[in-house]
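Got your viewer open? Let's take a walk through this one, a stop at a time.

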Amino acid sequence: MTGPQLAIVGAGPAGFYVADALCRKLPECHIALIDRLPTPFGLVRGGVAPDHQGTKNITRQFERTLTRGNVRFFGNVELGRDIGYEELKRAFDVVVLCTGAPVDRRLDVPGESLPGVYGSGVFVSWYNGMPDQRELNPLLDGAAVAVIGNGNVAIDIVRLLCKSPAELAVSDICEHVLARLSAARPREVYLIGRRGPLEASFTAPELEELGSLADAAPALNPALLPAEVPADWPEARRKDAEKNLGILRRFAAAPASSKPVQLRLLFNAAPSAIMGSERVAGLRLERTRLEGSRTLPTGVHFDIAVGTVVTAIGYRSAPLPGVPFDDSWGVIPNAGGRVLDPATHEPLVGQYTAGWIKRGPTGVIGTNKPDAAETVENMLADARAGHVLSPTQPTAAAAQALVCERQPQVVTYADWQRLDALELSRGKEQGRPRIKFTRVEDMLAALRD
Ligand code: NAP
């Protein structure tokens with residue numbers, strides 16, 4: 001294919017890695033990188049913890065992709081709201097869907113809809129200043145908070161809840177969130193895993209960070225720590241578990257802390273109910289035991305008094321209007337990134353996917369690179385075989401003009417650079433990395449000014 005016109009929907013890590021792979025393999029292509037938000041970078045901006053500034057440096061690499069003459073950013077353009085999937089397929093040779101997994105998985109226990117229960121997607125979006133959750137105003141009033149899950153997202157949330165205002169101030173956590181967390185710091189924070197310490201999916205560097213907080217020290221019952229990691233586990237898994245176990249042993253052996261926030265690590269405790277009438281008042285947990293890798297209930301319950309519950313138990317993708325969706329797996333049905341017809345299971349011409357909406361919510365930012373490469377390889381093989389859409393828009397410029405027609409308030413890369421500079425300079429004034437815009441209308445107003 002020569003000079004093909006492509007639309008990538010979703011300007012997060014997956015979308016950028018697809019764009020980058022395409023530019024390398026097919027330098028003559030023209031890419032419209034479309035995002036529903038005026039800001040690029042997806043989870044790097046809205047998901048990565050605000051105190052993990054180093055992780056966000058990947059945006060420099062993504063910016064280089066945006067400076068290529070053949071890649072254009074179209075922010076503030078939402079598939080379904082501003083432009084339809086059929087329209088995109090008519091205008092472009094290829095459409096690639098990279099919209100991630102923004103929906104929180106549900107616990108499915110009684111009390112889950114009480115005020116004071118938040119999914120991690122919602123909670124993390126709030127503290128990262130994503131416009132959708134700007135007004136969340138979570139119930140945090142100094143009482144205990146339970147964070148359910150033993151992944152890195154749960155660790156991020158626990159760490160931010162435990163950090164002192166001074167520690168938070170050097171992050172790019174949003175101003176209104178900083179004010180809220182400083183005024184209503186929980187006295188107790190629980191990190192709760194339904195399986196044992198060896199089965200946790202958090203990684204050692206993230207766990208280790210919990211040991212160096214100014215105002216909180218992790219506490220756990222040493223009797224719950226296994227003597228060793230089973231020798232027959234695959235080597236990589238065994239090494240990860242050994243690292244975590246070593247850190248947990250150190251935490252457990254430390255003298256009792258007099259720091260103001262109690263950080264309690266509970267294992268083998270599965271949530272069975274969230275209690276309360278008007279709002280969350282407690283969490284009921286059931287002791288579990290492991291048989292091989294299976295978690296079995298024991299019938300032994302215990303309660304903890306908490307005022308807030310945050311579930312960090314994984315995500316699902318949201319169906320996109322007009323796009324095939326596998327509801328049971330929460331992803332777009334695909335084979336190596338080729339979108340499949342749900343009825344025939346045959347690849348649909350010119351339609352691809354990458355990232356979490358392709359494979360589910362696993363892996364770190366860099367995991368999206370090989371994932372995107374696979375999609376692009378398959379796309380190029382299909383193109384060589386002549387399997388592309390036949391766009392009615394004769395040129396990339398015409399196809400991209402259609403996007404601007406559908407959303408006249410499109411935000412370009414130059415616009416983003418202005419927003420970025422404003423955020424950085426507002427941050428500099430206060431000795432902080434950046435002060436984000438958190439409302440779409442404020443971003444658009446700043447650009448008009
Ligand atoms: P995750 O690693 O899959 O962890 C999900 C956790 O939720 C697991 O501990 C799981 O326990 C638990 N869980 C699931 N259903 C549950 C239920 N019904 N009741 C109680 N617990 C339940 O997912 P994540 O933390 O959302 O992270 C997503 C991906 O982003 C991961 O690949 C992660 O490494 C990555 N990430 C990386 C970083 C970083 O590198 N710093 C930061 C954030 C996220 P079971 O194991 O028992 O199912």
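**First stop: the sheet**

Select Asn 334 and you'll find it standing opposite Val 339 in strand S17. (Helices, H or I of at least four residues, and strands, E of at least two, are DSSP runs numbered from the N terminus.) This is a predicted model, where local features need pLDDT of at least 70, side-chain atom pairs count only at pLDDT 80 or more, and totals for chains, interfaces and linings use all residues. Residues are numbered from 1 along each chain as its sequence is written, and side-chain values use heavy atoms, with hydrogens and water left out.

Now show S17 (residues 338–340) together with S16: two bridges join them, and they run antiparallel. Widen the selection to the open sheet of seven strands, in the order S3-S2-S1-S4-S18-S17-S16, with mixed pairing. Two strands pair if DSSP finds at least two bridges between them. At the edges are S3 (71–74) and S16 (334–335), each with a single partner strand, so one side of each has no neighbour in the sheet.

Next, add helix H12 (residues 368–384), which packs on the sheet and touches S1 (5–9), S4 (94–97), S16, S17 and S18 (347–353). A contact here means heavy atoms within 4.5 Å. The direction of H12 makes about 155° with that of S18; axes are lines fitted to C-alpha atoms, for helices over the stretch in contact, and angles run from 0 to 180 degrees between N-to-C directions.

**Second stop: the rings**

How many aromatic pairs does the structure hold? Nine. Rings of Phe, Tyr and Trp (its six-membered ring) pair if their centres lie within 6.5 Å; planes under 30 degrees apart count as stacked, over 60 as edge-to-face and the rest as tilted.

Pick Tyr 17 and Phe 62: the ring centres are 5.4 Å apart and the planes at 85°, so this pair is edge-to-face. Tyr 17 is in helix H1 (residues 13–25) and Phe 62 in helix H3 (residues 58–66), so the pair ties together parts 45 residues apart in sequence. Both are buried, meaning under 20% relative accessible area (exposed is over 50%, partly exposed in between; 1.4 Å probe, protein chains only). Add Phe 16, Phe 41 and Trp 416 to see the one aromatic cluster they form with Tyr 17 and Phe 62.

Then jump to Tyr 315 and Trp 356, with centres 6.0 Å apart and planes at 25°, so that pair is stacked. Tyr 315 and Trp 356 are both buried.
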